[in-house]
Structures are given as C-alpha cells and as structure tokens.
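Trainee: I should like a close look at a single part of this model, namely how two of its helices pack. Please place that contact in the context of the surrounding sheet and core.

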Amino acid sequence: MLDYRSDTVTRPTKAMKEAMMNAPLGDDVFEDDPTINRLEAKAAEMFGKEAALFCASGTMTNQIAINVHTNPGDEVICDKLSHIYYYEGGGIARNSGASVMLLDGDHGRFTAEMVKNAINPDDIHRPISRLVSAENTCNKGGGVIWDSEELEKIALVCKRNGLSFHLDGARLFNALIETGESTESVGNTFDTISICLSKGLGCPVGSLLIGDRQFIKHSRRVRKVFGGGMRQAGMLAAAGIYALDHNVERLKEDHERGREIAESLEEGSWVRSVMPSQTNIIVAELNDNVSQNVVLDKLKEKDVHAMGFGPGRIRFVTHLDINDEMIQKTKQIIQTLL
Ligand SMILES: *Cc1c(COP(=O)(O)O)cnc(C)c1O
C-alpha cells in the first residue's frame, strides 16, 4: 500500500517497539512513571522551558493550552486555516467558551501587523483578546514554514498587549530541519508549545505541551478534567524518547521525497498547479474538468492512497514508511493516471 493520506499512518519500527517494551513504568496520575517524567523533562529542556506534559493527542495539547490561557468569553486570534479552529471540532467554543478572531493570512501565516489590528480595544462591547496561536508548519496551508523574524515580531506585539502566544507545532520539526533554527529559539518566542510525536516522528500515540512550571501545573489539572490522565503510559513515552533521538534528522528525506511527488504532479496532465511545497505535505489543485473523486478512486485502484483536501484539491503526505522505491512507483502512476 502506497499510503500518502497522512504522516500519522506510520507503524512503530522494531527498534521503537523494543524501547517501548523495556520502559520502566509507574502510575502517571501520581506522577510516578519514570519514562513519562524523563520524556517531559527532555522536551522541556529541548525548548529551554521549565516543564512539559505528555498527552494523548495534539488536539488535547492545543485544547488544554487554550483552556489554560483563556477565560470564557475571551478571544483567540488565529488564522482561518489553523487546525485549532478548522480541525478540532469547535473545541475553542466547546471546551473553553472562548471566541475566535480569524486572520486571512498567506497559507496560514499572518503578520505582526495583522495581529496588532485584530486586538480588540478595551471596550465592554468587545471580547477580551487573550491569546494568539500560530501553526508551524501549517497543515491546511500545504506544509509551509513561517519566517521566524515575523514570529518574533508577533511575540513582541503579544508581550506589549498582555496576550499569550501559543505554537501548534504538530510538525514543528519539519520546519526546523529545513531552516536549521533551534528548539531553544522557538522556546524563546512562544509562551507555550505543542508538538506531536505521532506525525512525522513515527510514534503510535502522543503529544507534548511545553511551558513554564505554573502553566504546566494548571494544564495537568485540565488534562485530568478532560479525561486525559493516563496510568502506565510510559511505554508510549518511551516511543517518544526514541523518536526525538532517532527520527528528527531523517525528516529531510521526507521533504526530498515530497519534492519528487510535487514535481511529478506538476507534470501530470490532470493537475492545474501544486501549492508551494516546503516540507512533507504536497497539495495539488486539479484541473477544472477533473473530478476529485475520480482521481482519488483511480489512484486507489493502483494502491496509491491520497486524501481530498477541500474542493478540487488532493493532499499527499510523505513519512517514515515511504521509501525511494515507493516514490518511483508513485511517480509512474501519477504520470499515467488519466
Ligand atoms: C495533526 C495535527 C494536530 C493534532 O492532531 P491529533 O490527531 O489530535 O494528534 C494539531 N495540529 C496540527 C497542525 C495537526 O496537523
């Protein structure tokens, strides 16, 4: 199966499973699981922050962050394509009773000027602007990378106006491996950071929320209320430690393979254009006379699995379980599809 639906489809490797089998365990609700404690300390240190919290998913880490940063009725500023708004089931309203101010950015990336203009004045008619959230890389934007200078400018606007700044870094390492920027610099820019272990890093489960001690203490309470307190989950944390040690550098390979898919799609007679691809997400816009369902079905007949990504668009994601041989095969199928 040539499975490009998402980078979440990877299976843990033998070496990762061995790390999981050998993990010392305890009850994490009592903060007694040595492997989870090790992973949380490792993640906090990587970003130069005080603490971290291991959670079941990136949706959970984002939603906990929003809940801790805001009070009901407050407003979250984010891009209209952001996962926290578009793909988390209305959780901002449902879990935290917060309002949203959507920005119309460039493939999910907005500017400090846009944030400045989106902050509500101190007027009893308006919600209180409380949190800005950015997503790097931006999924719905086609896996694009942010300019770190712009992020720093946004951080300054947040600081001057008393807003918190959160990063949905589900695919942060895909960005950092391309730019060469450090995790510490990301830690300096944002108040809180969410990273996913179960995307490009290849773990079966897990995300981390990273921030200062007080914030993570409060987050631990919210995680429990959301039903996310886990017990001997150190086996999952062991996969996370393994992934951070072994699967970050190799993301470059996913990007190279992504570029091959993008080039192949650009030559495909049925493709109008390919969104600017910088990482492992490739989004193709189909020609007007080509049906999305027909393309997806024909690909599936050849055992190539991609995903619809809005009207007239399909998405391919490269990952740990896609190798060069599979890319060559996929390119041939793309070229001769229609
Ligand atoms: C996948 C993803 C998440 C988290 O998704 P889960 O499936 O809940 O782990 C968050 N943000 C972005 C940008 C994502 O792509």
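Mentor: In this predicted model, helix α8 (residues 172-179) packs against helix α12 (residues 251-267) with axes 9 Å apart and an angle of about 85° between them. Because angles from 65 to 115 degrees count as roughly perpendicular, α8 is assigned that orientation relative to α12. On the α8 side, the contact is made by Phe173, Asn174, Ile177 and Glu178, and on the α12 side by Leu251, Lys252, His255 and Arg259. By class, the residues of this contact comprise 3 nonpolar, 2 polar and 3 charged.

Phe173 also links this contact to the interior. Within the largest nonpolar core, which has 51 residues, Phe173 is among those that touch the most other members, together with Phe54, Val132, Ile154, Phe165 and Leu208. The element that gives the most to this core is helix α11 (residues 234-246), with 7 residues. Leaving aside residues up to four places away in sequence, Phe165 touches, among others, Leu131, Val132, Ile154 and Phe190. A separate second core of 25 residues includes Ala284, Leu286, Val304 and Ile322.

The sheet is open and mixed, its 7 strands following the order β2-β8-β7-β6-β5-β3-β4. Its edges are β2 (51-55) and β4 (99-103), each of which pairs on one side only. On average, neighbouring strands are turned by 20° against each other, direction ignored. Within the sheet, β3 (residues 75-79) and β5 (residues 129-135) pair in the parallel sense over 3 bridges, and Glu75 stands opposite Ser129 of β5.

Technical notes. Residues numbered from 1 in each chain as written. Predicted model: local features only at pLDDT ≥ 70, side-chain atom pairs only at ≥ 80, totals over all residues. Heavy atoms only, no water. Axes fitted to C-alpha atoms, helices over the stretch in contact; angles between N-to-C directions. Helix = DSSP H or I, 4+ residues; strand = E, 2+ residues; numbered from the N terminus. Parallel < 35°, antiparallel > 145°, perpendicular 65-115°, else oblique. Contact = heavy atoms within 4.5 Å. Nonpolar A, V, L, I, M, F, W, Y, C, P; charged D, E, K, R; others polar. Pairing = 2+ DSSP bridges. Core = buried A, V, L, I, M, F, W, Y, C linked by side-chain atoms within 4.5 Å. Buried < 20%, exposed > 50% of the residue type's maximum accessible area, 1.4 Å probe, protein only.
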